[in-house]
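Welcome, and thanks for taking a look at this one. Below is a short briefing to read alongside the model, grouped by topic.

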Amino acid sequence: MRSSDDADLTARARIRNAALELFGAEGVGGVSLRAVATRAGVSHALVLHHFGSKEGLRKECDAYVISLVRGGPGIDALDDAAGLGALLEAGAGVRRYLARAFLDGTPEAAALFDEIVETTGRWLEQGVQEGWAQPSEDPRARAAIYVTWLLAPLAFGEHLSRVLGVPDLHDTDATLQYSRAAVEIFTHGVFADDRALAAWDAVKKERRPR
């Protein structure tokens, strides 16, 4: 039999997950705490007990998203299919939440993006030190572009769903379909030689002040 503390923690997680789902579907402004309570199967009073306000609940959702990023797929997770599968399953609600947050363009979403970039930058630099990531001439820019690439399907969801022929882009099977292509690009690259990079560097050199 679970203790009351265990039950309390489970209820808190249910509330958070319900909020992630509803906030992702309708936006934070369009969802009431009573709606979250109903979705989680708890009382409105219990939501207030745990989070105090909708702002407190939103901050909990942000913190949970960041915790997933901080504990995201390192080299061990990528080598373990079960671990990666569990991460993808857990992330469906998170992807919807992120999509809505970034489309809403709030200061909180901007802070969340910055935090994700910083965390990803540290992860990639760890990879450079451990030998599973290539070094970069501009590590911060690389981290920002990497994160933007990963989040692009959230902004272009309707178009990507159409091209891939999937009804729900956030479904785990759909995520596996398009993210596999991204991992392939990051792992093996696209270009077979450096002509594109050389052309880019030549343009940059020409634009330098004389």
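**A buried arginine to start with**

R58 has a relative accessible area of 9%, under the 20% cut-off, so this residue counts as buried. Please keep in mind that the model is predicted. R58 belongs to helix α4, which covers residues 54-70. Setting aside neighbours within four places in sequence, R58 touches F23, V28, Y97 and E108.

**Overall make-up**

- The protein chain holds 12 helices and zero strands.
- Along the sequence, the pattern therefore reads α-α-α-α-α-α-α-α-α-α-α-α, with helices and strands taken as DSSP runs.
- Of the chain's 210 residues, 29% count as buried.
- Among contacts between residues at least 6 apart in sequence, 59% join residues at least 24 apart.

**The nonpolar core**

- The largest nonpolar core has 32 residues, and the members that touch the most others are I15, L20, F23, V36, V47, L57 and L98.
- At least two residues of this core come from each of α1 (4-26), α2 (33-40), α3 (44-51), α4, α7 (92-104), α8 (107-130) and α9 (139-155).
- Helix α1 gives the most to the core, with six residues.
- For L20, leaving out neighbours within four places in sequence, the contacts are C61, Y64, V65, G93, V94 and Y97.
- F23 appears both among the core members that touch the most others and among the contacts of R58.
- Y97 is in contact with R58, and Y97 is also in contact with L20.

**G93, a glycine in contact with L20**

- G93 sits in helix α7 and is one of the residues that L20 contacts.
- With a relative accessibility of 25%, G93 counts as partly exposed, because that class runs from 20% to 50%.
- G93 and F23 are 70 residues apart along the chain, yet their C-alpha atoms are separated by 9.5 Å.

**How α2 meets α3**

- How do the axes of α2 and α3 cross? They come within 8 Å and cross at roughly 105 degrees.
- Angles of 65 to 115 degrees count as roughly perpendicular, so α2 and α3 are roughly perpendicular to each other.
- The residues that meet are L33, R34 and A37 from α2 and H44, V47 and L48 from α3.
- By class, this contact has four nonpolar residues, one polar and one charged.
- V47, which takes part in this contact, is also listed among the core residues that touch the most other members.

**Aromatic pairs**

- The model has five aromatic pairs.
- In one of them, W123 and W132 have ring centres 5.1 Å apart and planes at 50 degrees, so this pair is tilted.
- W123 has a relative accessible area of 21% and is partly exposed, and W132 is partly exposed at 27%.
- W149 and F186 form another tilted pair, with 5.9 Å centre to centre and 50 degrees between the planes.
- This pair links distant parts of the chain, as W149 lies in helix α9 and F186 in helix α11 (residues 172-188), 37 residues apart.
- Are W149 and F186 buried or partly exposed? W149 is partly exposed at 46% relative accessibility, and F186 is partly exposed with a relative accessible area of 36%.
- W123, W132, Y146, W149 and F186 join up as one aromatic cluster.

Definitions and conventions:
Residues are numbered from 1 along each chain as its sequence is written. This is a predicted model: local features need pLDDT of at least 70, side-chain atom pairs count only at pLDDT 80 or more; totals for chains, interfaces and linings use all residues. Side-chain values use heavy atoms; hydrogens and water are left out. Helices (H or I, at least four residues) and strands (E, at least two) are DSSP runs, numbered from the N terminus. Buried means under 20% relative accessible area, exposed over 50%, partly exposed in between (1.4 Å probe, protein chains only). Contact means heavy atoms within 4.5 Å. A nonpolar core is a set of buried Ala, Val, Leu, Ile, Met, Phe, Trp, Tyr and Cys residues joined through side-chain atoms within 4.5 Å. Axes are lines fitted to C-alpha atoms, for helices over the stretch in contact, and angles run from 0 to 180 degrees between N-to-C directions. Angles under 35 degrees count as roughly parallel, over 145 as roughly antiparallel, 65 to 115 as roughly perpendicular and the rest as oblique. Ala, Val, Leu, Ile, Met, Phe, Trp, Tyr, Cys and Pro count as nonpolar, Asp, Glu, Lys and Arg as charged, and the others, Gly among them, as polar. Rings of Phe, Tyr and Trp (its six-membered ring) pair if their centres lie within 6.5 Å; planes under 30 degrees apart count as stacked, over 60 as edge-to-face and the rest as tilted.
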